[in-house]
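Colleague: I am new to this structure and should like to understand the reasons behind the terms used for it. May I put my questions to you one by one?

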Amino acid sequence: MKFIDILRDHLDVFNQAYNGQITTSMRHAINAMLSCRAHTQRASHWACQGCTHTADFPLSCGHRSCPQCQYNTTADWLAKQQAKLLPVDYFMVTFTLPYELRVVAKYQPEALYPAMFSVAASVLKDFALNSPKLAGDIGFTGVLHTHSRRRDLHPHIHFIIPAGSFNKTQQHWKKNKGKYLFNAFNLAKVWRARLLEQLAKLKLKLPTSLPKKWVVDCQHVGKGLPALQYLSRYLYRGVLPDKNIKSEADGLVSFKYKDSQTQSTKVRTLPATEFLWLMLQHVLPKGLRRVRDYGLLRGNAKKLRLQIQLMLAVAGAVFPIIPEIKRRLATRRCPCCLQPMRFMGIVKRPTNLIP
């Protein structure tokens, strides 16, 4: 069972049920997914290496919300992040938007999500500068997740942070010792104050009642690679993998998920239209970046990162063994002789073959 099949089968009813709530970004995502590997004006051209048979195949849509696409995009991102890994412990700090502000995320994501990134990043930088254990510049990567494991709207940003800082004046790397980085309660207080101040500057309409206590989680996660692999899981391949959809029958869709409290696998069943809305509400506005690097991990800090890696190597640090990430190459077999076919390029499809 595939998400795109459910979308195609129930699209008309979904449009009627959620017509006033479907955004332009959602429309673009829907159109892209429905045309994925089907209704494309261009195609990949393949030729058999054992006989004269040739064939054209429609292209993938490439949309970041499509569960069929973006495998190589995810692999490329993970490979780039692995190259930045330092031989130190890592922490994951998660800034969560309170329930009462999810309505803002639903109707004004273009303004809210960038504000969440900028405010959370400023909080981390200031805490690092004021920390006696760090007192310097740190690096971190933030990934926006908009859903809970049940796939409800639940915006939060995970930041993965190497446990150490760099003093530019002294040209010195300062290692953070132990399994404590920042006080989560203090992070939450500053997070709340600064984000509300930023949202007020943006003149966003906020609920009248907001909780006094917000949630920020700060955990020691050991080495950085497992954390990166976790963050990459939902980056570019949609909200729910097709393999997690268990069934679709009598207008009901069931999918499995892992419960965050018990870690057991559970099944959630919804009417097809509600299921589609549950998934499509996580489509991000066009141009909004889900992943951002800061400080020592930003793109233009490569020279400084190499300097820090060299300093750590000289000091005797053991660098992790990074498994090679291989790009998945498309393979096809000839229907005539079953020999492998060779990709010959992209061609324009005849108009009469495009539905």
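Modeller: Please do, and bear in mind that the model is predicted. A suitable place to begin is the salt bridge in which the side chains of Lys223 and Asp89 meet, at 3.4 Å from N to O. This pair links distant parts of the chain, 134 residues apart: Lys223 is in the loop between strand S8 (216–222) and helix H7 (224–232), and Asp89 is in the loop between helix H3 (71–83) and strand S3 (90–96).

Colleague: Why is the contact of Lys223 and Asp89 called a salt bridge?

Modeller: The term requires a side-chain nitrogen of Lys or Arg within 4 Å of a carboxyl oxygen of Asp or Glu. The N to O distance here is 3.4 Å, so the pair qualifies. In general, side chains of opposite charge can pair when their charged atoms come close.

Colleague: What makes Lys223 and Asp89 count as partly exposed?

Modeller: Partly exposed applies between the limits of 20% and 50% relative accessible area. Lys223 has 48% and Asp89 has 28%, so both receive that term.

Colleague: What of Asp152 and Arg268: is each buried, partly exposed or exposed?

Modeller: Asp152 and Arg268 form a salt bridge, with their closest N and O atoms 3.1 Å apart. Arg268, at 14% relative accessible area, is under the 20% limit and therefore buried. Asp152, at 24%, is partly exposed.

Colleague: Why is Lys201 called exposed, and where does its partner Glu197 lie?

Modeller: Lys201 has a relative accessible area of 60%, which is over 50%, and so it is exposed. Glu197 and Lys201 both lie in helix H6 (residues 184–201), four residues apart, about one turn of the helix. The closest N and O atoms of their salt bridge are 3.9 Å apart, and Glu197 is partly exposed at 46%.

Colleague: How do you know that Cys51 and Cys48 form no disulfide?

Modeller: A disulfide needs two cysteine sulfur atoms within 2.5 Å. The closest cysteine sulfur to that of Cys51 is in Cys48, at 3.6 Å, and is therefore too far for a bond. A search of the whole structure finds zero disulfides.

Colleague: Why is Phe140 called buried?

Modeller: Phe140, placed in strand S4 (residues 139–147), has a relative accessible area of 0%. That value is under 20%, so the term buried applies to Phe140.

Notes: Residues are numbered from 1 along each chain as its sequence is written. This is a predicted model: local features need pLDDT of at least 70, side-chain atom pairs count only at pLDDT 80 or more; totals for chains, interfaces and linings use all residues. Side-chain values use heavy atoms; hydrogens and water are left out. Helices (H or I, at least four residues) and strands (E, at least two) are DSSP runs, numbered from the N terminus. Buried means under 20% relative accessible area, exposed over 50%, partly exposed in between (1.4 Å probe, protein chains only).
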